[in-house]
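Subject: A structure for you to look at

Hi there,

Here is the structure I promised to pass on to you. Have a look at it first, and then read on.

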Amino acid sequence: MSTILPCSPKPETITVVIDTREQLPLTLSPLKIVSETLQTGDYSIRGLESVIAIERKSISDLLRCIGTDRVRFAKEVQRLLAYPVRALVIESSWQELEAGGWRSRVMPQAVIGSLLGWSAAGLPIVMAGSHEQAGRYVSRLLYIAARRRWRESRSLLGYTPHTDSKLKIQTADSEMTLGQ
């Protein structure tokens, strides 16, 4: 039995896992979607749940995480920092956060300071602007991370894109051919 492993997966072959607690899931087309409980974050890739964790926050969620839920969210940030691929995606812009304009006791300076502190700790912050833009950014981030892991796996198997010959892997009951 021979199987050809393509150089990169197509977006529609990647399955995103959305946490069951996610209140307003993002549109992540053309990626496939399933809903399951994740240990950390709101979004990951099937099979890479221990590698990729993306957390999404609307402004109201963010204000709650900086205010009344700060202790709980600090633990979430610590868990996110353990993932090789991680990000906090905010459905806002820096300018919108600086302007304030919300009904909360959380001051704009506290929001900006918290985000910068988490960033300094190693958590990438993606200011997406809106829910729709967040969907596009998260979809693209997940695809890029999955594609990179795919290529790393191919490399571990001994295949490089510069190799003209196909790599044959023999198992006890079959043979697999890797190549383009």
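Below is what was found in it, from the overall layout to a pair of rings.

Please keep in mind that this is a predicted model. The protein chain has five helices and eight strands. If you follow the sequence, their order is β-β-β-β-α-α-β-α-α-β-α-β-β. The chain has 180 residues, and 41% of them count as buried. Its exposed surface is about 10,300 Å², with 53% of that supplied by carbon and sulfur atoms.

Next, find strand β4, which covers residues 52-57. Six of its six residues are buried. On one side you will see Ile52, Ile54 and Arg56, and on the other Ala53, Glu55 and Lys57, so to speak two covered faces. Strand β4 also pairs with strand β5 (residues 85-90) in the parallel sense, over six bridges. To trace one of these, start at Ile52: its bridge partner in β5 is Val85.

Now for the rings. A search of the whole structure turned up one aromatic pair. Phe73 and Trp118 have ring centres 5.2 Å apart and planes at 65°; the cut-off is over 60 degrees, so this pair counts as edge-to-face. Where do the two residues sit? Phe73 belongs to helix α2 (residues 70-81) and Trp118 to helix α4 (residues 108-120), so the pair links parts of the chain that are 45 residues apart. Both Phe73 and Trp118 are buried.

Enjoy exploring!

Best wishes

Notes
Residues numbered from 1 in each chain as written. Predicted model: local features only at pLDDT ≥ 70, side-chain atom pairs only at ≥ 80, totals over all residues. Heavy atoms only, no water. Phe/Tyr/Trp six-rings, centres within 6.5 Å; stacked < 30°, edge-to-face > 60°. Helix = DSSP H or I, 4+ residues; strand = E, 2+ residues; numbered from the N terminus. Buried < 20%, exposed > 50% of the residue type's maximum accessible area, 1.4 Å probe, protein only. Pairing = 2+ DSSP bridges. Areas by Shrake-Rupley, 256 points an atom, 1.4 Å probe, with all protein chains shown as cover.
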